[in-house]
Amino acid sequence: METTKSYNFRLFSLEVLAIILGLLFLVPFYFVIVNSMKTFGELLVNSSNLPQSFNLANYSKVWTIMKFPRVFSNSLLITLISNIGLVVISSMAAYRLVRYPSRFNNLLFLAFVAAMVIPFQSIMIPLVKVASQVGLMDSRLGLIICYFGFGVSLNVFLYHGFIKSIPKEIEESARVDGCSPYGVFWRIVFPLLKPMSVTIVLLNSLWIWNDFLLPLLVLNSPDLRTIPLATYSFFGQYTKQWDLALAALVLGVIPIIIFFLSMQKYIIEGITAGSVKG
């Protein structure tokens, strides 16, 4: 018996439609990348054509004006530490909520879920007031702590569902062998959370790396600017020089694109593992 559907016109039409939609989404990337390599005069003449010669001088100018190594290191440090802290805090909190159910833990989990639907704009003014009172303003550490607070709700929710699929017998066997509670979590449970941890790191990295509003509220010093803040400031100074402005955009998105492509293998593994466990 034939178990696979034959290739028909309907499937071909869906593939063509998907290709067309994919190309439409890629059009803005084409204009940004192509025009970032043109001179300002060439860009004004025709913005859709390929450049006569690929000019990288725009990138060298932007690299110097934006002080890109410094803003890149700020973004990288904030994203890296925030991810590590969120994974550790959220995974431990979710494990406790799942394995030690109680009325308090259930209410606490509901509070985490409820916090996911609160828009940031509604609490940003109280956040700035509280952050200034406890000395978190204008510091990378203060911004990282704010990311802990805003990111832990979604992360706990994701870990909570994944930990439920891990059999308790594995942990009980480890306890019988003399493993401590912390050893059970870090040696047995946490390695099994790798698919979900990779997904959470990817989501957090896309959010934190591209975030603009929270760093704008917390960071005031030019030396602490992240890439989105530096790009915003650059546009304010060179808003009419689109050749330089587009080059600044390309420099800002290249690191996160490289990160996403490098994590693609683990993303597919996480989706596969989640489908099998689910």
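Let's start with how far this predicted model can be trusted: its mean pLDDT is 86, and 92% of the residues reach 70 or more. That confidence isn't spread evenly. Helix α4, covering residues 68-99, has the highest mean, at 94, while helix α14, residues 264-277, has the lowest, at 59. Around there, look at residues 274-278: the pLDDT falls below 50, and this stretch has 2 contacts in the model beyond its near neighbours in sequence.

Now let's look at how some helices pack. Find helix α12 (residues 227-237) and helix α13 (residues 242-262). Their axes come within 10 Å and cross at roughly 175 degrees. Angles over 145 degrees count as roughly antiparallel, so α12 is roughly antiparallel to α13. Which residues of α12 and α13 make the contact? On the α12 side you'll find Ile227, Thr231, Phe234 and Phe235, and α13 brings Trp242, Leu244, Ala245, Ala248, Leu249 and Gly252. Sort them by class and you get 8 nonpolar residues, 2 polar ones and no charged ones.

Another pair meets at a slant. The axes of helix α5 (residues 103-115) and helix α7 (residues 140-163) come within 8 Å, crossing at roughly 125 degrees. That angle is why α5 and α7 are described as oblique to each other. The crossing also has a handedness: α5 passes α7 in a left-handed way. If you zoom in on the contact, α5 supplies Phe109, Phe112, Val113 and Ala115, and these meet Val152, Ser153, Val156, Phe157 and His160 of α7. What classes of residue make up this contact? There are 7 nonpolar and 2 polar residues between α5 and α7, and no charged ones.

Finally, let's leave the helices for a couple of loops. Lys67 sits in the loop between α3 (57-65) and α4. Its backbone has a positive phi of about 55 degrees, even though Lys67 is not a glycine. Is Lys67 buried, exposed or partly exposed? Its relative accessible area is 46%, so Lys67 counts as partly exposed.

Asp138 is the other loop residue to visit, and you'll find it between α6 (124-133) and α7. Asp138 isn't a glycine either, and its phi is positive too, near 55 degrees. With a relative accessible area of 31%, Asp138 is partly exposed. Following the chain on from this loop takes you into α7, the helix that α5 crosses obliquely.

Definitions and conventions. Residues numbered from 1 in each chain as written. Predicted model: local features only at pLDDT ≥ 70, side-chain atom pairs only at ≥ 80, totals over all residues. Heavy atoms only, no water. pLDDT = per-residue confidence, 0-100. Helix = DSSP H or I, 4+ residues; strand = E, 2+ residues; numbered from the N terminus. Contact = heavy atoms within 4.5 Å. Axes fitted to C-alpha atoms, helices over the stretch in contact; angles between N-to-C directions. Parallel < 35°, antiparallel > 145°, perpendicular 65-115°, else oblique. Nonpolar A, V, L, I, M, F, W, Y, C, P; charged D, E, K, R; others polar. Left-handed = near helix turned anticlockwise from the far one by under 90°. Buried < 20%, exposed > 50% of the residue type's maximum accessible area, 1.4 Å probe, protein only.
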